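Trainee: I am new to this structure and should be grateful for a close look at a single part of it. Please take the loop regions and the helices beside them, and set them in the context of the whole chain.

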Amino acid sequence: VAGGAGLALGGSATGALAVTGSAGGAATGGTAGAGAEAASAMSAAPLPFAALVLISIGFLVKAGAVGAHIWLPSAYGEAEGETSALFSAILSKVPIFGLLLTFLVLLSGSLNGSLSFPGAAGFFPVLAWIGLLTALFAALLAVFQEDAKYLLAYSSMSQIGYIIAVLAAGSHLGWTTGLYLSVLHFAFKGILFLAIAGVIVRTGTSTFHHLGGLIKRMPLTFVTVLIAIISVSGVPPLAGFGGKWLLYTTLLEEGLYLQAALAFFASTIAFLYLFKLIHAVFLGQMKDHHRSVREAPAWLLIPQLVLVSGIMVMSMYPTLILEPLSAAVEPYIAATVAFEASTVVGVLGYWNGNMVMWVTTAVFVLPLLWLLIIMRRPQRVEQFNIVFAAERPETPQTTHYAHNFYTAYYRALGFLTRPGVIGFWSGVEESVASVGGAVRRVYSGNGRTYAVHILLFVSILYLIIGGM
């Protein structure tokens, strides 16, 4: 826990230093003036390119972008369950909001109402690539996690990567999509972290091979997790499907075809870790010591059910959220999307959430009704039935399918997840510790030594001022 907290504090401090430093760069890049005149001049001019890069680095560190994500999994994974939900659902949007505000400052200083300034041609494509690589590598890292909270931490990192990518597109649809994905992420990741918090409260663990078979003991939690992962994965009929459609449409509209393909590939990987999550916790074989487990406490279930209701409403009537978001962006960038009742109409197609919900529901309900009619005496499936469990262990304790769930994939793609970044930052940590040790010899805590330092500083300052 201490290690996770230290990494989180380090990441937060690094991001804060970069953002604070960028403010100084922006101030020096503004028109000369004093007081209110200087502030007015600064708001009317684009940020200097160096300041833009610095402030973006700061927010990317706080967002846990690839290469600066070392703090994120421990911070999310080791925090209390409710705190992890707060981190992922709410606090992860702060750097996104910061990036958006930075771009709005750029637009307010632009003469043509677009994100065009020296360096923009290279900056925004790089930012989009950072977002998509974050989405890809975080998804890969999530696949190979053996702990539910760490899996969800990398999943959050992946979803934030998509949001960064569409904001970097710099279009009306891109910004609207980024805001919409932020709302969705708040809902479904809040559900998932709260659900795992309930599992931990009842079982005392979030390690996959120590869990399994909880669908009968925690059915409501299973349903909320199922709804959340359907939304995360972007399959019909839930709101996540529309979010992924908007994501791909944004990238294709801007001619970012390779980036769109990468986003699609990252999305397919999400199916692997989401299936692992629900299978390892709720399906498979129940442990003997979990047979008396009860449903999660009401104080964890009620927020999940509220968020599930929100997802269902957004899925049926997406324009309730998208239309206000689009209107908020339109004063800055001309709209490229229209709304007709429950239909979102873009340049490359349309999405009718209401119709998708009804069609998908019919596709599943009609076969279910048919099966209930023709199977009048269905067989009760017990725990060790291989059809139910997808495994045939001798005892629940000796085998769990979730252990090393994707070993074959790891042999093929595992080299992409080896922690080179951790080695780099460990070296940085050791270097900083060495420098700190050397500085500590000077700043020893001795008051008389500090008095000598102050005397020397004043003397040197006097000599410099006198020489000038």
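Mentor: A residue counts as buried when its relative accessible area is under 20%. By that cut-off His290 is buried, because its relative accessible area is 2%. The model is a predicted one, and His290 is placed in the loop between α12 (257-282) and α13. Beyond its neighbours within four places in sequence, His290 touches Thr203, His210, Leu211, Leu214 and Arg217.

A second loop residue may be set beside His290. Met218 belongs to the loop between α9 and α10. With a relative accessible area of 0%, Met218 is likewise below 20% and therefore buried. Its contacts, again leaving aside neighbours within four places in sequence, are Gly198, Val199, Arg202, Phe282, Val293, Arg294, Glu295 and Ala296. Of these partners, Ala296 stands 78 residues from Met218 along the chain, yet the two C-alpha atoms are separated by 6.8 Å.

Helix α13 covers residues 298-316. Why does a span of 27 Å agree with the 19 residues of α13? The expected span is 1.5 Å times one less than the number of residues, so 19 residues should give 27 Å. The end C-alpha atoms of α13 are in fact 27 Å apart in the model, which agrees with that expectation. The buried residues of α13 are Leu300, Leu301, Gln304, Leu307, Val308, Ile311, Met314, Ser315 and Met316. A general point helps in reading such a list: an α-helix has 3.6 residues a turn, so residues three or four places apart point the same way.

A third loop, the one between α10 and α11, holds Pro237. The peptide bond from Pro236 to Pro237 is cis, with omega near 10°. For comparison, most peptide bonds are trans.

The helices named around these loops also take part in enclosing a space. The structure holds 1 cavity of 30 Å³ or more, and the largest cavity has about 70 Å³ of space. Its lining consists of Gln159, Tyr162, Leu181, Leu184, Phe188, Ser231, Val232, Gly240 and Lys244. Two or more lining residues come from each of α8 (148-168), α9 (172-203), α10 (219-233) and α11 (239-253). Helix α9 gives the most, with 3 residues. By class, the lining of the largest cavity comprises 5 nonpolar, 3 polar and 1 charged residues.

A further helix offers a contrast in exposure. Pro125 lies in α7 (residues 120-143), and its relative accessibility of 35% means that Pro125 counts as partly exposed. The C-alpha atoms of Pro125 and Ala165 are separated by 8.8 Å, although their positions lie 40 residues apart along the chain.

These details belong to a protein chain with 19 helices and 3 strands. Of its 468 residues, 47% count as buried. Among contacts between residues at least 6 apart in sequence, 78% join residues at least 24 apart.

Finally, the confidence of the prediction should be kept in mind. The mean pLDDT of the protein chain is 79, and 78% of its residues reach 70 or more. Over residues 15-46, however, pLDDT is below 50, and the model gives this stretch 30 contacts beyond near neighbours in sequence. Residues 388-392 likewise stay under 50, with 17 contacts beyond four places in sequence.

Technical notes. Residues are numbered from 1 along each chain as its sequence is written. This is a predicted model: local features need pLDDT of at least 70, side-chain atom pairs count only at pLDDT 80 or more; totals for chains, interfaces and linings use all residues. Side-chain values use heavy atoms; hydrogens and water are left out. Helices (H or I, at least four residues) and strands (E, at least two) are DSSP runs, numbered from the N terminus. Buried means under 20% relative accessible area, exposed over 50%, partly exposed in between (1.4 Å probe, protein chains only). pLDDT is the predictor's confidence in each residue, from 0 to 100. Contact means heavy atoms within 4.5 Å. On a 1 Å grid over the protein atoms alone, a cavity is a set of points where a 1.4 Å probe fits but cannot get out, and a pocket is an open set with protein on both sides within 12 Å along at least five of seven lines; lining residues have an atom within 4 Å of a point. Grid points are joined across faces, edges and corners, and a volume is the space filled by probe spheres set on the points. Ala, Val, Leu, Ile, Met, Phe, Trp, Tyr, Cys and Pro count as nonpolar, Asp, Glu, Lys and Arg as charged, and the others, Gly among them, as polar.
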